[in-house]
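Open the model in your viewer and keep the selection box handy. We will go from stop to stop, and at each one you get something to select and a note on what is there.

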Amino acid sequence: MKILIVDSFYTKESFAEEVFSFLSETDGIWEFELGEREDIEEPPPDTGVHSWSSIFERLANYRQANKIPEETFILFLTREANWQNWFGMFDIDGRPQGFVQTSFWNELVSSESLYPILYEVIAIPLHWRMFKDAEGLEGNVHMNPIGCINDFCQDKKDIILKLQTGNICSTCYQKMMDVGMTEQEFDHIDELLDRIRQQFRIFNINRNKRRPAPLSLRNSQFYIGENKLKLSPIQRALYLFFLQTDHRPRTDELRDYEKEIRESYGRFYSGGDLAEMNDIAGRIARNEDNLATQSVSRINSAISRLVISELAEHYKIVTDNEGRKSITAILENQ
Ligand SMILES: [Zn+2]
(Lines give C-alpha, C1' and ligand atoms only; values in the text may rest on other atoms or scores of the structure.)
Protein backbone atom coordinates (compact mmCIF):
# COMPACT_ATOMS: atom_id res chain seq x y z
CA MET A 1 0.00 0.00 0.00
CA LYS A 2 1.22 3.47 -0.88
CA ILE A 3 0.54 6.18 1.68
CA LEU A 4 1.06 9.78 0.64
CA ILE A 5 1.66 12.14 3.58
CA VAL A 6 0.56 15.72 2.91
CA ASP A 7 0.52 18.93 4.95
CA SER A 8 -2.95 20.48 4.76
CA PHE A 9 -3.41 23.99 3.42
CA TYR A 10 -3.96 25.38 6.93
CA THR A 11 -0.74 23.82 8.25
CA LYS A 12 1.86 26.56 8.34
CA GLU A 13 4.83 24.61 9.63
CA SER A 14 5.39 21.28 7.94
CA PHE A 15 4.83 18.21 10.06
CA ALA A 16 4.77 15.90 7.05
CA GLU A 17 8.55 16.03 6.52
CA GLU A 18 9.30 14.93 10.05
CA VAL A 19 6.69 12.17 9.96
CA PHE A 20 7.88 10.95 6.58
CA SER A 21 11.54 10.87 7.54
CA PHE A 22 10.79 8.86 10.70
CA LEU A 23 8.60 6.29 8.91
CA SER A 24 10.81 5.87 5.86
CA GLU A 25 13.67 4.66 8.09
CA THR A 26 11.88 1.33 8.62
CA ASP A 27 11.97 -0.88 5.53
CA GLY A 28 8.81 -2.72 4.66
CA ILE A 29 5.94 -3.29 2.28
CA TRP A 30 3.98 -0.14 3.07
CA GLU A 31 5.44 2.69 1.01
CA PHE A 32 5.34 6.12 2.57
CA GLU A 33 5.71 9.12 0.30
CA LEU A 34 5.88 12.83 0.93
CA GLY A 35 3.38 14.88 -1.10
CA GLU A 36 3.30 18.55 -2.02
CA ARG A 37 1.52 20.72 0.54
CA GLU A 38 -2.20 21.11 -0.21
CA ASP A 39 -2.96 24.19 -2.29
CA ILE A 40 -6.41 25.79 -2.39
CA GLU A 41 -6.94 28.55 -4.92
CA GLU A 42 -9.79 30.31 -3.19
CA PRO A 43 -9.73 29.08 0.37
CA PRO A 44 -12.79 29.71 2.49
CA PRO A 45 -11.81 31.66 5.63
CA ASP A 46 -10.58 29.39 8.40
CA THR A 47 -13.41 30.27 10.76
CA GLY A 48 -12.98 27.39 13.12
CA VAL A 49 -14.35 23.92 12.77
CA HIS A 50 -14.02 22.06 9.47
CA SER A 51 -16.57 19.34 8.76
CA TRP A 52 -15.21 15.89 7.98
CA SER A 53 -16.97 15.92 4.61
CA SER A 54 -15.25 19.17 3.64
CA ILE A 55 -11.85 17.66 4.50
CA PHE A 56 -12.68 14.51 2.49
CA GLU A 57 -13.71 16.68 -0.48
CA ARG A 58 -10.41 18.54 -0.27
CA LEU A 59 -8.62 15.20 -0.29
CA ALA A 60 -10.52 14.17 -3.42
CA ASN A 61 -9.64 17.50 -5.06
CA TYR A 62 -6.03 17.03 -4.08
CA ARG A 63 -5.97 13.61 -5.74
CA GLN A 64 -7.38 15.07 -8.93
CA ALA A 65 -5.19 18.18 -9.03
CA ASN A 66 -1.99 16.23 -8.33
CA LYS A 67 -2.91 13.20 -10.45
CA ILE A 68 -2.48 10.77 -7.55
CA PRO A 69 -3.31 7.17 -8.58
CA GLU A 70 -6.64 5.79 -7.32
CA GLU A 71 -4.98 3.11 -5.17
CA THR A 72 -2.71 5.50 -3.23
CA PHE A 73 -3.96 6.33 0.26
CA ILE A 74 -3.71 10.09 0.80
CA LEU A 75 -3.31 11.29 4.38
CA PHE A 76 -3.63 14.96 5.27
CA LEU A 77 -1.87 16.20 8.38
CA THR A 78 -4.27 18.90 9.52
CA ARG A 79 -3.67 21.89 11.73
CA GLU A 80 -7.29 23.03 11.48
CA ALA A 81 -9.97 21.95 13.92
CA ASN A 82 -12.33 19.23 12.69
CA TRP A 83 -15.85 18.29 13.72
CA GLN A 84 -15.69 16.58 17.16
CA ASN A 85 -11.94 17.24 17.07
CA TRP A 86 -11.01 13.64 16.39
CA PHE A 87 -7.29 12.87 16.18
CA GLY A 88 -7.83 11.28 12.84
CA MET A 89 -10.34 9.53 10.62
CA PHE A 90 -10.48 7.72 7.33
CA ASP A 91 -13.08 8.66 4.71
CA ILE A 92 -16.36 7.23 5.98
CA ASP A 93 -17.49 6.82 2.35
CA GLY A 94 -14.68 4.34 1.80
CA ARG A 95 -12.36 6.31 -0.47
CA PRO A 96 -8.64 5.65 0.26
CA GLN A 97 -7.97 8.86 2.17
CA GLY A 98 -8.04 10.30 5.66
CA PHE A 99 -6.58 12.87 8.00
CA VAL A 100 -4.57 13.07 11.23
CA GLN A 101 -4.74 16.14 13.40
CA THR A 102 -1.38 17.61 14.41
CA SER A 103 -2.72 20.38 16.61
CA PHE A 104 -4.69 20.60 19.87
CA TRP A 105 -2.32 18.23 21.61
CA ASN A 106 -2.41 20.98 24.21
CA GLU A 107 -0.63 19.23 26.99
CA LEU A 108 2.25 18.11 24.76
CA VAL A 109 5.06 20.09 23.16
CA SER A 110 5.54 19.35 19.47
CA SER A 111 8.56 17.08 20.01
CA GLU A 112 6.37 14.87 22.19
CA SER A 113 3.21 15.00 20.07
CA LEU A 114 5.23 13.55 17.17
CA TYR A 115 4.79 10.05 18.65
CA PRO A 116 0.98 9.90 18.90
CA ILE A 117 0.81 11.55 15.46
CA LEU A 118 3.12 8.87 14.01
CA TYR A 119 0.94 6.24 15.63
CA GLU A 120 -2.19 7.69 14.04
CA VAL A 121 -0.49 7.90 10.64
CA ILE A 122 -0.21 4.08 10.82
CA ALA A 123 -3.61 3.51 12.44
CA ILE A 124 -5.78 5.52 10.00
CA PRO A 125 -4.82 3.68 6.76
CA LEU A 126 -4.95 0.41 8.74
CA HIS A 127 -8.47 1.20 9.92
CA TRP A 128 -9.48 2.00 6.37
CA ARG A 129 -8.15 -1.38 5.25
CA MET A 130 -10.07 -3.15 8.00
CA PHE A 131 -13.35 -1.23 8.13
CA LYS A 132 -13.55 0.49 4.73
CA ASP A 133 -16.47 2.76 5.70
CA ALA A 134 -18.66 4.00 8.56
CA GLU A 135 -20.70 0.77 8.60
CA GLY A 136 -17.62 -1.41 8.96
CA LEU A 137 -16.51 0.64 11.91
CA GLU A 138 -19.66 -0.02 13.89
CA GLY A 139 -19.29 -2.73 16.52
CA ASN A 140 -15.69 -3.37 15.48
CA VAL A 141 -13.78 -0.97 17.70
CA HIS A 142 -13.13 -1.66 21.38
CA MET A 143 -15.25 0.79 23.34
CA ASN A 144 -13.45 -0.30 26.53
CA PRO A 145 -9.71 0.15 25.91
CA ILE A 146 -7.68 -3.09 25.92
CA GLY A 147 -4.42 -1.60 24.56
CA CYS A 148 -5.22 -2.56 20.95
CA ILE A 149 -4.79 -0.29 17.92
CA ASN A 150 -8.59 -0.49 17.51
CA ASP A 151 -9.40 0.95 20.92
CA PHE A 152 -11.80 3.82 20.59
CA CYS A 153 -10.01 6.71 22.27
CA GLN A 154 -11.95 9.73 23.40
CA ASP A 155 -9.10 11.23 25.34
CA LYS A 156 -5.78 12.09 23.74
CA LYS A 157 -4.09 10.56 26.80
CA ASP A 158 -5.67 7.21 25.85
CA ILE A 159 -3.75 7.31 22.58
CA ILE A 160 -0.51 7.59 24.54
CA LEU A 161 -1.54 4.45 26.45
CA LYS A 162 -2.22 2.39 23.34
CA LEU A 163 0.95 3.75 21.76
CA GLN A 164 2.89 2.38 24.73
CA THR A 165 1.47 -1.12 24.33
CA GLY A 166 1.90 -1.01 20.53
CA ASN A 167 -0.40 -3.99 20.24
CA ILE A 168 -2.94 -5.55 17.86
CA CYS A 169 -5.25 -7.98 19.72
CA SER A 170 -5.91 -11.47 18.36
CA THR A 171 -9.53 -10.68 17.38
CA CYS A 172 -8.39 -7.70 15.31
CA TYR A 173 -5.47 -9.70 13.92
CA GLN A 174 -7.98 -12.27 12.62
CA LYS A 175 -10.16 -9.54 11.12
CA MET A 176 -7.17 -8.12 9.29
CA MET A 177 -6.38 -11.57 7.87
CA ASP A 178 -10.01 -11.85 6.78
CA VAL A 179 -9.80 -8.64 4.75
CA GLY A 180 -6.70 -9.94 2.99
CA MET A 181 -3.84 -8.29 4.80
CA THR A 182 -0.55 -10.12 4.28
CA GLU A 183 2.04 -11.25 6.80
CA GLN A 184 4.52 -8.87 5.27
CA GLU A 185 2.16 -6.03 6.05
CA PHE A 186 1.78 -7.21 9.66
CA ASP A 187 5.54 -7.45 10.04
CA HIS A 188 6.00 -3.93 8.76
CA ILE A 189 3.24 -2.48 10.93
CA ASP A 190 4.57 -4.33 13.98
CA GLU A 191 8.04 -2.99 13.39
CA LEU A 192 6.76 0.56 12.94
CA LEU A 193 4.62 0.45 16.08
CA ASP A 194 7.57 -1.01 17.99
CA ARG A 195 9.89 1.74 16.87
CA ILE A 196 7.40 4.47 17.77
CA ARG A 197 6.95 2.89 21.21
CA GLN A 198 10.72 2.58 21.79
CA GLN A 199 11.52 6.11 20.63
CA PHE A 200 8.73 7.48 22.80
CA ARG A 201 10.16 5.55 25.74
CA ILE A 202 13.65 6.99 25.14
CA PHE A 203 12.11 10.43 24.86
CA ASN A 204 10.40 9.96 28.24
CA ILE A 205 13.50 8.55 29.95
CA ASN A 206 15.49 11.60 28.85
CA ARG A 207 12.69 13.85 29.91
CA ASN A 208 12.50 12.31 33.37
CA LYS A 209 16.23 12.51 33.79
CA ARG A 210 15.97 16.14 32.75
CA ARG A 211 19.06 15.53 30.68
CA PRO A 212 19.21 17.83 27.69
CA ALA A 213 19.53 16.05 24.36
CA PRO A 214 22.69 16.93 22.40
CA LEU A 215 22.64 19.98 20.16
CA SER A 216 24.17 19.34 16.75
CA LEU A 217 24.62 20.97 13.35
CA ARG A 218 24.15 18.61 10.40
CA ASN A 219 23.71 19.54 6.73
CA SER A 220 23.38 23.21 7.73
CA GLN A 221 20.51 22.47 10.12
CA PHE A 222 20.45 22.50 13.92
CA TYR A 223 19.10 19.46 15.72
CA ILE A 224 18.14 19.01 19.35
CA GLY A 225 18.40 15.24 19.71
CA GLU A 226 16.73 13.96 16.56
CA ASN A 227 14.41 16.95 16.20
CA LYS A 228 15.19 19.63 13.67
CA LEU A 229 15.11 23.19 14.94
CA LYS A 230 13.18 25.06 12.26
CA LEU A 231 15.14 28.27 11.66
CA SER A 232 15.69 30.59 8.71
CA PRO A 233 19.26 31.04 7.40
CA ILE A 234 19.57 34.39 9.23
CA GLN A 235 18.38 32.81 12.48
CA ARG A 236 20.76 29.88 12.06
CA ALA A 237 23.66 32.28 11.45
CA LEU A 238 22.90 34.24 14.61
CA TYR A 239 22.41 31.08 16.65
CA LEU A 240 25.75 29.70 15.47
CA PHE A 241 27.43 33.02 16.21
CA PHE A 242 26.17 33.02 19.82
CA LEU A 243 27.17 29.36 20.21
CA GLN A 244 30.71 30.13 19.06
CA THR A 245 31.46 33.35 20.91
CA ASP A 246 32.62 33.53 24.53
CA HIS A 247 32.14 37.29 24.74
CA ARG A 248 28.46 37.41 25.77
CA PRO A 249 27.79 40.46 23.58
CA ARG A 250 24.83 42.80 24.02
CA THR A 251 22.71 43.46 20.94
CA ASP A 252 24.24 46.96 20.50
CA GLU A 253 27.71 45.40 20.56
CA LEU A 254 27.01 43.02 17.67
CA ARG A 255 28.40 45.64 15.26
CA ASP A 256 31.87 44.83 16.67
CA TYR A 257 31.40 41.23 15.48
CA GLU A 258 30.34 41.90 11.90
CA LYS A 259 33.21 39.76 10.56
CA GLU A 260 32.22 36.76 12.72
CA ILE A 261 28.54 37.18 11.84
CA ARG A 262 29.41 37.35 8.13
CA GLU A 263 31.43 34.12 8.43
CA SER A 264 28.60 32.44 10.25
CA TYR A 265 25.99 33.64 7.74
CA GLY A 266 28.22 32.40 4.91
CA ARG A 267 27.58 28.85 6.12
CA PHE A 268 23.82 29.15 5.64
CA TYR A 269 23.38 31.70 2.84
CA SER A 270 22.26 29.76 -0.22
CA GLY A 271 22.21 32.57 -2.81
CA GLY A 272 25.15 33.31 -5.07
CA ASP A 273 25.38 37.05 -4.55
CA LEU A 274 28.35 37.87 -2.32
CA ALA A 275 27.41 41.56 -2.06
CA GLU A 276 23.90 40.66 -0.93
CA MET A 277 25.27 38.23 1.62
CA ASN A 278 27.63 40.83 3.10
CA ASP A 279 24.84 43.39 3.12
CA ILE A 280 22.51 41.14 5.11
CA ALA A 281 25.29 40.18 7.54
CA GLY A 282 25.93 43.91 8.08
CA ARG A 283 22.26 44.55 8.74
CA ILE A 284 22.17 41.76 11.34
CA ALA A 285 25.29 43.18 13.05
CA ARG A 286 23.83 46.71 13.15
CA ASN A 287 20.44 45.33 14.25
CA GLU A 288 18.80 47.29 11.44
CA ASP A 289 15.01 47.15 11.59
CA ASN A 290 15.46 45.08 14.76
CA LEU A 291 16.68 42.20 12.61
CA ALA A 292 18.90 40.73 15.34
CA THR A 293 16.40 41.33 18.14
CA GLN A 294 13.58 39.69 16.21
CA SER A 295 15.75 36.79 15.13
CA VAL A 296 16.76 36.06 18.74
CA SER A 297 13.12 36.06 19.77
CA ARG A 298 12.14 33.74 16.90
CA ILE A 299 15.02 31.36 17.68
CA ASN A 300 13.88 31.19 21.30
CA SER A 301 10.27 30.51 20.39
CA ALA A 302 11.30 27.77 17.94
CA ILE A 303 13.20 26.18 20.86
CA SER A 304 10.14 26.48 23.12
CA ARG A 305 8.04 24.61 20.58
CA LEU A 306 10.53 21.77 20.45
CA VAL A 307 11.73 21.33 24.03
CA ILE A 308 9.87 20.96 27.33
CA SER A 309 10.00 24.17 29.36
CA GLU A 310 12.24 22.67 32.08
CA LEU A 311 14.98 22.22 29.47
CA ALA A 312 14.34 25.04 27.01
CA GLU A 313 16.53 27.56 28.88
CA HIS A 314 19.52 25.33 28.23
CA TYR A 315 19.28 25.96 24.46
CA LYS A 316 17.90 29.50 24.37
CA ILE A 317 19.84 32.71 23.80
CA VAL A 318 19.47 34.07 27.32
CA THR A 319 19.85 37.77 28.19
CA ASP A 320 21.16 38.71 31.65
CA ASN A 321 20.46 41.90 33.69
CA GLU A 322 23.14 43.80 31.80
CA GLY A 323 21.73 42.78 28.44
CA ARG A 324 24.52 40.28 27.79
CA LYS A 325 23.49 37.35 25.63
CA SER A 326 24.73 33.78 25.83
CA ILE A 327 23.78 30.13 25.34
CA THR A 328 24.45 27.38 27.89
CA ALA A 329 24.27 24.50 25.39
CA ILE A 330 27.43 23.42 23.60
CA LEU A 331 27.41 22.37 19.98
CA GLU A 332 28.37 18.67 19.76
CA ASN A 333 29.61 18.68 16.17
CA GLN A 334 29.82 21.18 13.36
ZN1 LIG B 1 -8.33 -5.30 18.84
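The tour below begins with the domains, then visits the sheets and the helix packing.

**Before you start**

Residues are counted from 1 along each chain as its sequence is written. This is a predicted model, in which local features need pLDDT of at least 70 and side-chain atom pairs count only at pLDDT 80 or more, while totals for chains, interfaces and linings use all residues.

**Stop 1: the two domains**

Colour residues 2-209 as domain 1 and residues 215-326 as domain 2; these bounds come from an automatic or database domain assignment. Their C-alpha centres are 35 Å apart. Where they touch, five residues of domain 1 are in contact with six of domain 2, a contact being a pair of C-beta atoms, placed from the backbone, within 7 Å. The domain 1 side of that touch has one nonpolar, two polar and two charged residues. In these classes, Ala, Val, Leu, Ile, Met, Phe, Trp, Tyr, Cys and Pro are nonpolar, Asp, Glu, Lys and Arg are charged, and the others, Gly among them, are polar.

**Stop 2: the five-stranded sheet**

Which order do the strands of the open five-stranded sheet take? Reading across, you meet S2-S1-S4-S7-S6, with mixed pairing. Element names follow DSSP runs numbered from the N terminus, with helices (H or I) of at least four residues and strands (E) of at least two. Two strands count as paired if DSSP finds at least two bridges between them.

Select 31-34 and 88-90 to see the edge strands, S2 and S6, each of which pairs on one side only. On average, neighbouring strands of the sheet are turned by 20° against each other, direction ignored.

Now add 97-101, which is S7: it runs antiparallel to S6, and three bridges join the two. One place to zoom in is Phe-90, whose bridge partner in S7 is Gly-98.

Then show H2 (residues 52-65), which lies across S1 (2-7), S4 (73-78), S6 and S7, at about 125° to S4. Axes here are lines fitted to C-alpha atoms, for helices over the stretch in contact, and angles run from 0 to 180 degrees between N-to-C directions.

**Stop 3: the three-stranded sheet**

Move on to an open sheet with the order S8-S9-S10 and antiparallel pairing. Its edge strands are S8 (215-218) and S10 (227-228), each pairing on one side only. Four bridges link S8 to S9 (residues 221-224) in the antiparallel sense. Two pairs to label are Ser-216 with its bridge partner Tyr-223, and Leu-215 opposite Ile-224.

Which residue has a positive phi in the hairpin of S8 and S9? Select Asn-219: its phi is near 45°, and the hairpin has two residues between the strands.

**Stop 4: H8 against H9**

Two packed helices are described by the angle between their axes and the distance between the axes. Select 233-244 (H8) and 258-266 (H9): their axes come within 8 Å and cross at roughly 125°. H8 is therefore oblique to H9; under 35 degrees counts as roughly parallel, over 145 as roughly antiparallel, 65 to 115 as roughly perpendicular and the rest as oblique.

Show side chains for Ala-237, Leu-240 and Phe-241 in H8, which meet Glu-260, Ile-261, Ser-264 and Tyr-265 in H9. By class, this contact has five nonpolar, one polar and one charged residues.

**Stop 5: H9 against H10**

Keep H9 and add H10 (residues 274-285): the pair packs at about 130°, with axes 9 Å apart. H9 and H10 are therefore oblique to each other. From H9, the residues to select include Arg-262 and Gly-266, and from H10 they include Met-277 and Asn-278. The contact of H9 with H10 divides into seven nonpolar, three polar and two charged residues.

**Stop 6: H8 against H11**

Finally, go back to H8 and add H11 (residues 291-306), which packs at about 85° with the axes 9 Å apart. That makes H8 roughly perpendicular to H11. Ile-234, Gln-235, Leu-238 and Tyr-239 in H8 meet Ala-292, Ser-295, Val-296, Arg-298 and Ile-299 in H11. Six nonpolar, two polar and one charged residues make up this last contact.

Conventions: Two residues are in contact if their C-beta atoms, placed from the backbone, lie within 7 Å.
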